[in-house]
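Reader: Please take one part of this model and look at it closely, with the cut-offs stated as each term comes up. I would like a single connected account of the charged side chains there and of the packing around them.

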Amino acid sequence: MYKWQEEKAKMAAKPIYRVVVHQQGEIWDLYVREIFQSELWGFIEVEEFVFEDASRVVVDPATEKLQRTFDGVKRSYLPLNAIVRIDEVEREGPLKAVKTDARVAEFPRPFPLPPRGEG
């Protein structure tokens, strides 16, 4: 098996997550391979962004905008109150940025503070 085939097989074995985020009047659909609870209080870390095949003939401006936004980004920290939902999906889909007038409910506030270490 060639090295590129091994890499492709490894990537196929990792799950893909669709993260739906409310960002400044838009709803974004992002696809990532890694999600973590961040050490930064009130944030989720997402890594390994997955983009659809770039050889498509149809070009969507919203998709291009998000690809430019996250091009070269190794890790992103998303605030908990901006996340609408997270789904594990079988494969990536198109990145979306849809304008919305809808109100998105935020997590209840205030967040309880984490316990402080003794010392």
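Author: E47 is found in strand β3, where strands (E, at least two residues) and helices (H or I, at least four residues) are DSSP runs numbered from the N terminus. The model is a predicted one, in which local features need pLDDT of at least 70 and side-chain atom pairs count only at pLDDT 80 or more, while totals for chains, interfaces and linings use all residues. Residues are numbered from 1 along each chain as its sequence is written, and side-chain values use heavy atoms, with hydrogens and water left out.

With a relative accessible area of 13%, E47 is buried; the scale used here calls a residue buried under 20% relative accessible area, exposed over 50% and partly exposed in between, with a 1.4 Å probe and protein chains only. Its side chain is joined to that of R75 by a polar contact of 2.5 Å, a polar contact being a pair of N or O atoms within 3.5 Å, where within protein one must be able to donate a hydrogen and the other to accept it, and where residues adjacent in sequence count only if both atoms are side-chain atoms. Once neighbours within four places in sequence are set aside, E47 is in contact with V32, R33, E34, F36, K74 and R75, contact meaning heavy atoms within 4.5 Å.

One of these partners, R33, lies in strand β2. R33 is buried yet has no salt bridge, and the nearest side chain of opposite charge, that of E48, is 4.8 Å away; for this purpose Lys and Arg count as positive and Asp and Glu as negative, whereas His and the chain ends are not counted. A salt bridge, for its part, requires a side-chain nitrogen of Lys or Arg within 4 Å of a carboxyl oxygen of Asp or Glu. A polar atom of the R33 side chain does, however, lie 3.1 Å from the backbone oxygen of K14.

K14 leads on to the charged groups around it. K14, E34 and E48 are linked in a network of salt bridges. In the pair of K14 with E34, the closest N and O atoms are 3.1 Å apart, and this pair links distant parts of the chain, E34 being in strand β2 and K14 in the loop between α1 (3–13) and β1, 20 residues apart. In the pair of K14 with E48, the side chains meet at 2.9 Å, N to O; since K14 lies in the loop between α1 and β1 and E48 in strand β3, this salt bridge ties together parts that are 34 residues apart in sequence. K14 counts as partly exposed at 30% relative accessibility, and E48 is likewise partly exposed, with a relative accessible area of 29%. The structure holds six salt bridges; among them is that of D87 with R18, whose closest N and O atoms are 2.8 Å apart, and which links strand β5 to strand β1 across 69 residues. Here D87 counts as buried at 14% relative accessibility, and R18 as partly exposed at 25%.

Strand β3 also holds V46, which takes the account to the nonpolar side of the packing. Apart from its neighbours within four places in sequence, V46 is in contact with V19, V32, E34, I35, K74, R75, S76 and L78. The largest nonpolar core has 21 residues, of which L30, V46 and L66 touch the most other members; such a core is a set of buried Ala, Val, Leu, Ile, Met, Phe, Trp, Tyr and Cys residues joined through side-chain atoms within 4.5 Å. Two or more residues of this core come from each of β1 (16–23), β2 (26–37), β3 (43–49), α2 (61–70) and β5 (83–89), and β2 gives the most, with four residues.

In α2, the buried residues are A62, T63, L66 and F70. They cover an arc of only 100° around the axis, which puts them on the same side of α2, the arc being that of the directions from the helix axis to the C-beta atoms. On the other side of α2, P61 and R68 are exposed. The buried residues of α2 pack against β2, β3, β4 (75–79) and β6 (96–99), and α2 is followed by G72, whose phi is positive, near 80°.
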